[in-house]
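Colleague: I'm new to this and keep tripping over the terms. Could you show me the model and explain how the labels are earned?

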Amino acid sequence: FNPWLQVKLLRILQYFDKPEGVDYTRLNDVLKKVFKETQMHRNVNKNNVTHAILFEAVNLVIHIDDQDHIDEVASILGRFISSREANYRYLGLDSMGKLAQLSGSNEQIKKHQGTIVACLKDRDISIRKRALDLLYNMCDETNSQEIVFELLSYLTSAHHEIREDLVLKIAILAERFPTNLKWYVDVVLQLISLAGDYVSEEIWHRIVQIVTNEESVQAYAAETVYKGLQSRRVHETMVRIGGYVIGEFGHLVADQPGSSPAEQFELLQSKFTDTSLTTETRSILLTAYMKLANLYPELKAGISEIFSQIASSMNAELQQRAAEYLKMTTWAGDSEIIATVWDMMPAFPERESGLLKKIKEKATATADRSAAEAKAAAKKEEEEGEGEDEEGEEPASLPVPESRTRAAPAAAAAGGADLLDLGGEGESSTPAPAPAPASTGGGLDDLLGGLSMETPAAAPAPAASSSSGGGLDDLLGGFDSAPAAAAPAAAPHVGAGEERGLAENFLS
């Protein structure tokens, strides 16, 4: 059976739901045969052909969520992520990342956790990205501490291109699978200390929400943040969290040695004098001062003096805030009104985590960008069509499955351009009025187009000949985006409605 035809038929099946009855039995036999007979060969071309079929079979199992083959697929992909070939490692990690989203697959994938963590240190950044995505997808309550620890260890040496995404994923995992809330607080504060410049507002807003809503962790958060602010060099994000937490919950640790109300105020004031702080951060500190003045009358005099100085600031926001706070500290009316205004913040309403929303938006943007790039590439290929049957195109009348939209790490293995010589079959070509221009992609691109591997360097197109591959061209004619130029006779097309029947013939 022609390997290119097998790849196409396995891909066609991914446009349909999981078959039932006798159809599933036939499909199950085909998948077993593919998984059993695929072996590593010394011949690069043969490897590329067999692995193209194998990965389409894996994609089909993931698409139909076939629980009968999950263990076997995980074992096969485990061999690929351990390969010395970068392309095999990438494809294995990418497919395993999709497999991890299926229920019942995590236990098998966890067996390869050490290998996946090792891929974080791979020289190829695209492999490191796939390893990060896989660790994020496979994390659950049983291995969250191990994975978060490994990601924190990797954070200090991570490439700047993936550091922001790495910080976001660590924060989400710590929130979704916390062993306890104290561990969550420790992880987020450690994130700020290791990569504060990459900690977004959503991350520190989220820890403030959780601490405010969870009374059990408020004292621990105040104590931990207070100790963190005592460091000589503190990131501005830590100052913001410290200003809020000490202003709201500093009274919970005021009785501990070294953290009296006066010492809390002095610590915050030592950070306020840092000229590198933004207006927003200073505004948070001024609000914390007002909170302290409301709780501790003995601090009012010193805090009022600070407000008086800042009330003449050239910064309009700080000037207005300080003037209003100064008026409140010297209010001669009913003190209960001021006490009520500056009471502790109420709990935040329950809502979707801003971190999860952000990562969903990033995933959607990435998918849209990939789809746009694929559409632009297809349009360019159509405009530059040579009039030959392009066997690597997707059927225009069918939607692209989700498993198709992905990127590839590196150029394909050498010798891929000679794949069309296997079995004496080549691309079908017809005499044209002018010589055919150079092909825009090698044979490996045609073979592994569905696997989203980057194409090798452009290779010269084969000379026009009377090849006997016409049957294959007739069969795949329905996938062409442009008709053959000046062809003496049009090849019969297989309509989109007949593709299901084609796949059923393949299974029989």
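Modeller: Below we go through some labels one at a time. This is a predicted model, where local features need pLDDT of at least 70, side-chain atom pairs count only at pLDDT 80 or more, and totals for chains, interfaces and linings use all residues. Residues are numbered from 1 along each chain as its sequence is written, and side-chain values use heavy atoms, with hydrogens and water left out.

Colleague: How do you know that the span of helix α3 agrees with its number of residues?

Modeller: Helices are DSSP runs of H or I with at least four residues, numbered from the N terminus. The expected span is 1.5 Å times one less than the number of residues. For the 21 residues of α3 (residues 44-64) that gives 30 Å, and the end C-alpha atoms are 30 Å apart, so the two agree.

Colleague: What makes R240 and E280 a salt bridge?

Modeller: The term needs a side-chain nitrogen of Lys or Arg within 4 Å of a carboxyl oxygen of Asp or Glu. Here the N to O distance is 3.5 Å, so the pair qualifies. R240 sits in helix α14 and E280 in helix α16, so the bridge ties together parts 40 residues apart in sequence.

Colleague: Why is R240 called buried, and what is E280 called?

Modeller: Buried means under 20% relative accessible area, exposed over 50%, partly exposed in between (1.4 Å probe, protein chains only). R240 has 11%, so buried fits. E280 has 37%, so partly exposed is the label.

Colleague: And how many residues of α3 are buried?

Modeller: 18 of its 21, so α3 is mostly covered.

Key: Helices (H or I, at least four residues) and strands (E, at least two) are DSSP runs, numbered from the N terminus.
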